[in-house]
Amino acid sequence: MASPATASRARKLSAIFASTTQRAQQAKPKPKPKPAPAPEPAPKAAAGEEEAEAKPNAGRSHEKPLGKILQEIIRERDPEKLVSKFIAASTASERFRDRHRVYEVAVARLASFGRHDAVADILESQKPFLEASNDGFATRVIRLYGRASMSSHAAATFHDLPSKHKSVMTFNALLAAYVDAGEFEAVDTAFKQIPASHPAIVPNTYSYNILISSLCKKQDLAAALEVIPFMEKCRVKPDQISFNTLLNGFYNCGRFDDAEKVWEMMKERNVEPDAKCYNAKLRGFLSKGSIKDAIALVMRMQKDGPKPDTVSYNELIRGYCSEGRLEEAKKVYDDLVKNECAPNRGTFHTLVPHIVEAGELDLALRYCHEIFSSKCRVQCSLLQLVVTALVDASRVEEAKRIVELGRKNYYPRKDLRMPPRNREDLGLKMPPSTGEDIDAEAENDSEDSALDE
């Protein structure tokens, strides 16, 4: 007979999945500036001619190519200019609206400035194009609101969508937006209300994975675990991401015994664990200081599979560095490269500061050149750390070379530069960090894949 606690959790989850006729209440967005009316989209060029790109005076003979326009917007640091350039370009060019990256960079930068009004201006200007677009465009707008922690705008966008775009894809985008904004209770409410109000929306594996992620983030792990049998009851099959998310949740909370239940559930369902599942266990070992267990796990992976990936090696590097065992950490880096795994920004952000602190500037310099040669986008602060250390060691020419390479790789001039060598050199003082390193998507070694399948 089920215990009272189990019965209570079951009733709670039943409430999430139960059908209801109550319509999802639309979230009211905060007041925002009314965007200027969008001009009519430019007519498409005749066959054989190039489409006029992203400029109001499209009739002139010398128009900027799309690549140039994208570069200008991505490099723009002035919020007002960024908004005006973005709206003009997205209004004039359908090809521009197909470029996901420029949307992500613009919204991330404006959000880092605290300019939610400017984020709203950009994304509201896209709404005239929703009717003629596919679900992917609507999904992008909703997710971007979530990444800017503007979940009420994401909800309003979803509820105002044309009926043809009210699909499981846009529903999942709204769930993910709530998780991005840290509004985990709203995930439960939306999961209960929206499918009941829109019968065409049937939650899929991705939907349930977001629910599991939300429950893990608010540390309601018992409820998260019980989502698996509920999925199966609804004839939805859990996948590796479902179990990987659960493993991360339990190991992050130090609940090793409960994590073993997840491994058993995978075995019962013939779900083959991948490297991400073992990385969750690896993080668990390191979080409690069991580096010997972590090393043994990686050795087992090397022997029996799945093969360790970059994140696996990064975790070992982090573990060794936290114990002051820099030589072992450097050997793990060499193993990473030998095993044909590419070092990423997580690798360098963990290792380089310890290398600089140890005074091993030749190695730090080598890693900087590897960063540039591999086009790995690290934060400016990491490169600046090396530049400053080189100048302090009177290795000025080498420091200048790092700054020059930074310029060629589009690192902001004001965030990567030669530091002052004396108090009178006021023109070269480093400004405080503005968070503009958000240009490059931060890698998340905990790999919360449930939101980015």
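The expected span of a helix is 1.5 Å times one less than its number of residues, and this gives a yardstick for reading one helix of the predicted model shown above. Helix 10, which covers residues 184–197, has 14 residues and reaches 20 Å from its first C-alpha to its last, close to the 20 Å expected at 1.5 Å a residue. Helix 10 nevertheless bends, by about 30 degrees, at A190. The helix is mostly covered, with 10 of its 14 residues buried, and the buried residues include F184, V187, D188, F191 and I194 as well as A190, where the bend lies.

Stepping back to the chain as a whole, its secondary structure comes to 22 helices and zero strands. Of its 453 residues, 49% count as buried. When contacts with a separation of 6 or more are considered, residues 24 or more positions apart account for 66% of them. The largest nonpolar core has 128 residues, and those with the most contacts inside it are F96, L246, L247, F348 and L351.

Two of these core residues lead on to other parts of the structure. F96 belongs to a cluster in which ring pairs link it with F86, Y103 and F137. Within that cluster, Y103 also has R140 lying over its face, at 4.5 Å from the ring centre. F348, for its part, is in contact with Y333, P343, P353, Y367, E370, I371, C376, V378 and L382, once its neighbours within four places in sequence are left aside.

The aromatic rings deserve a closer look, since rings count as a pair if their centres lie within 6.5 Å. By this rule the count comes to 13 aromatic pairs. One of them joins W263 and Y278, whose rings are 5.1 Å apart centre to centre with 50 degrees between the planes, a tilted arrangement. Because W263 lies in helix 14 (residues 256–268) and Y278 in helix 15 (residues 275–287), the pair ties together parts that are 15 residues apart in sequence. Both W263 and Y278 are buried. The rings of Y333 and Y367, two of the residues in contact with F348, have their centres 4.8 Å apart and their planes at 50 degrees, so this pair is tilted too. Y333 lies in helix 18 (residues 326–338) and Y367 in helix 20 (residues 361–373), and the pair therefore ties together parts that are 34 residues apart in sequence. Both Y333 and Y367 are buried.

Helix 14, which holds W263, also contains K261. With a relative accessible area of 45%, K261 is partly exposed, whereas W263 is buried. The C-alpha atoms of K261 and L247, which are 14 residues apart along the chain, are separated by 9.5 Å, and L247 is among the residues with the most contacts inside the largest nonpolar core.

Further along the chain, N409 lies in the segment after helix 22 (396–408). N409 counts as buried because its relative accessibility is 14%, and buried means under 20%. Leaving aside its neighbours within four places in sequence, N409 is in contact with F372, K375 and R377. R377 in turn has its charged end over the ring of Y411, 4.0 Å from the ring centre.

Conventions
Residues are numbered from 1 along each chain as its sequence is written. This is a predicted model: local features need pLDDT of at least 70, side-chain atom pairs count only at pLDDT 80 or more; totals for chains, interfaces and linings use all residues. Side-chain values use heavy atoms; hydrogens and water are left out. Helices (H or I, at least four residues) and strands (E, at least two) are DSSP runs, numbered from the N terminus. The bend at a residue is the angle between axes fitted to the seven residues ending there and the seven starting there. Buried means under 20% relative accessible area, exposed over 50%, partly exposed in between (1.4 Å probe, protein chains only). Rings of Phe, Tyr and Trp (its six-membered ring) pair if their centres lie within 6.5 Å; planes under 30 degrees apart count as stacked, over 60 as edge-to-face and the rest as tilted. A charge sits over a ring if NZ of Lys or CZ of Arg is within 6 Å of the ring centre and within 35 degrees of the ring normal. Contact means heavy atoms within 4.5 Å. A nonpolar core is a set of buried Ala, Val, Leu, Ile, Met, Phe, Trp, Tyr and Cys residues joined through side-chain atoms within 4.5 Å.
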